[in-house]
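Subject: Structure handover

Hello,

Here is the structure you are taking over, with my notes below it. Please read the notes alongside the coordinates.

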Amino acid sequence: MMFFLWLFVLGLFSYFLLHNSIRRITRTPVWLLWLVIMAPALIWTGWLLVNGPSKSSPPDWLIIPFLVCPFLYWFLVQLGRKEITSETAQTTVNDGTEPAKSQQKPALRPIDLEEEASLRDCFPWSVYYLRDLEFRPQAVICRGQLRTNPEAAYKAIRENVEKHFGDRFLVVFQTSFSGQPFFALVPNPERKSAENPVNNQPLNRPFFALGLLLITLFTTTIVGAQIAGITEKAVQSNPSMLIKGLPYATALMVILGIHESGHYLAAKFHKIRTTLPYFIPVPFFLGTFGAFIQIRSPIPHRRALFDVGIAGPLAGLVATVPLLIWGLYHSTIVPISNKSGMLNFDSFNPNFSLMMTLLSKLTLGGALNSETAINLHPVAVAGYLGLIVTAFNLMPVGQLDGGHIVHAMFGQGASMAIGQFARLCMLLLSFLEPGLLLWAVILFLMPLNDEPALNDVSELNNWRDGLGLVAMGLLLAILLPAPRVLIQWLNV
């Protein structure tokens, strides 16, 4: 029954992602794309219904759908790919972060000959040698040859366009599939005019955010009480027993809140319009599906994309590690058993993760050895989940934080290839650690593409590239198991 509940949740989650992201770049029906990415899970479900859980499915049924469906998905997206529009200026920060709501698409007024001459004047030959203009219903594509560094070219041409056309257009700077940088002028959805008023909707809704926070505190407290061993019958007879769930609830919400605050503050630093962090309460699972912010203005450049993407995981990790160490210190040691593993909080074996192994041994010392496991304190459970959330968001796939990071570091085309490689690696890793299979399925349900920044050509500086590599190193330290030599040396 739980398997089918998870399948239902995954189906809704994947359809929501597709409906709010991929539909903006392709005319292929969302239901068809959803059916393709859900095909592996649906095939496995059909096998279970017909043969029951006692009979394992053939290996081909596990591997072939994962190999075929991503290529079929990519083909269908490309088959119905839309022309570049103003919606491509919208981007998403996720962990938890959902796409900004599409504003009403403004109509592009035809550019007459006089305006075309003005537009050509915006491209000095010493900056960007303009060869031709391509007029599309929702964009003007400007192709030519870049003659200076991308940062200077984008700044000069954007200023020239603003001088001739005001705030009528957004200037997008991207790289084509052939590797050639081009400019695109798209209608500005935030243009200040009587026909298109700006900021009709309130950006921040503090009472709504506070209400979601309080509801999530309640739902996580219920789950925390269950983790602390408080039964439903005990709560019904004495509701004050719910207080036992507060340590878990408080720790988890602090981690998630600081994570989202990192995104929020980084966006504010780059003058990107964004909402307050919103929590997502659920009365089961962890008590929450995380939190998110909504970006309401275009990401200006890849540096901003990188900063906003990496700020959340790093801030969340800074909060996670101390809470995890405190929780481990107050946890108890129990004999190891066949049921010990990464998902058993009563008999937790940390060897599946290099970072968890090191932190557990550092905190518990000699009490933790090869014959013992850990009965996690509720705060340790929250810290461990915070570590998992950080790792999930650092996965270099699509619109996850890690997807933003590799996009900013290597460009959009390379980031899609890295994302596909990461999904396949996670699938292979799930054969070694079955607890990661659900994670692998979710990654395959997510689109690979990440929305471009306005200036998506200018590269990062060296220290940002270094920080991005550190973030990927942290991801590997959380995901990969401790080497056998280290396990023997530490006696865990």
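How far is the sulfur of C122 from the closest cysteine sulfur, and is that distance short enough or too far for a bond? The closest cysteine sulfur belongs to C142 and lies 8.7 Å away, which is too far for a bond. A disulfide would need the two sulfur atoms within 2.5 Å, and the count of disulfides in this structure is 0. C122 itself is buried, at 0% relative accessible area. Another cysteine, C425, is partly exposed, because its relative accessibility is 34%. Please bear in mind throughout that this is a predicted model.

Overall make-up

The protein chain has 492 residues, and 52% of them count as buried. Its secondary structure consists of 16 helices and 8 strands. About 23,100 Å² of the chain is exposed, and carbon and sulfur atoms supply 66% of that area. Taking contacts between residues at least 6 apart in sequence, 72% join residues that are at least 24 apart.

Nonpolar cores

The largest nonpolar core contains 73 residues. Within this core, the residues with the most contacts are Y384, M395, M426, W439 and L443. The element that gives the most to this core is helix α11, residues 378-394, with 10 residues. For W439, once neighbours within four places in sequence are set aside, the contacts are I388, A391, F392, M395, M426 and L479. Two of these partners, M395 and M426, also appear in the list of residues with the most contacts inside the core. Apart from this core lies another one, of 29 residues, including L170, F183, L185 and L454.

Salt bridges

The structure holds 6 salt bridges. One of them joins R168 to E115, where the closest N and O atoms are 2.9 Å apart. This pair links distant parts of the chain, with the two positions 53 residues apart in sequence: R168 is in the loop between α5 (150-165) and β3 (169-175), and E115 is in helix α4 (residues 113-121). R168 counts as buried, because its relative accessibility is 7% and the cut-off for buried is under 20%.

Two further salt bridges involve E134. The side chain of E134 meets that of R136 at 2.9 Å, N to O. E134 also forms a salt bridge with R143, and here the closest N and O atoms are 3.5 Å apart. Through these shared partners, E134, R136 and R143 are joined into one network. As for accessibility, E134 is partly exposed at 27%, R143 is partly exposed at 27%, and R136 is partly exposed at 23%.

Surface and loops

A nonpolar patch on the surface is formed by V68, L72, W74, F75 and L79, with about 530 Å² of accessible area together. F75, one of its members, is found in helix α3, residues 59-79. The relative accessible area of F75 is 47%, so F75 counts as partly exposed.

Which residue has a positive phi although it is not a glycine? That residue is K271, with a phi of about 60 degrees. K271 is found in the loop between α8 (246-269) and β5 (278-281). K271 counts as exposed, because its relative accessibility is 74% and the cut-off for exposed is over 50%.

Another loop position is G229, which is placed between α6 (206-227) and α7 (232-237). G229 also counts as exposed, at 54% relative accessibility. How many residues separate G229 from D346 in sequence, and how far apart are the two in space? They are 117 residues apart in sequence and 10.0 Å apart in space, C-alpha to C-alpha.

Regards

Terms used
Residues are numbered from 1 along each chain as its sequence is written. This is a predicted model: local features need pLDDT of at least 70, side-chain atom pairs count only at pLDDT 80 or more; totals for chains, interfaces and linings use all residues. Side-chain values use heavy atoms; hydrogens and water are left out. Buried means under 20% relative accessible area, exposed over 50%, partly exposed in between (1.4 Å probe, protein chains only). Patches are made of residues with over 30% relative accessible area and no salt bridge: like charges are joined within 9 Å, nonpolar side chains (Val, Leu, Ile, Met, Phe, Trp, Tyr) within 5 Å. Accessible areas come from the Shrake-Rupley method with a 1.4 Å probe; for residues, only the protein chains shown count as cover. A salt bridge is a side-chain nitrogen of Lys or Arg within 4 Å of a carboxyl oxygen of Asp or Glu. Helices (H or I, at least four residues) and strands (E, at least two) are DSSP runs, numbered from the N terminus. A nonpolar core is a set of buried Ala, Val, Leu, Ile, Met, Phe, Trp, Tyr and Cys residues joined through side-chain atoms within 4.5 Å. Contact means heavy atoms within 4.5 Å.
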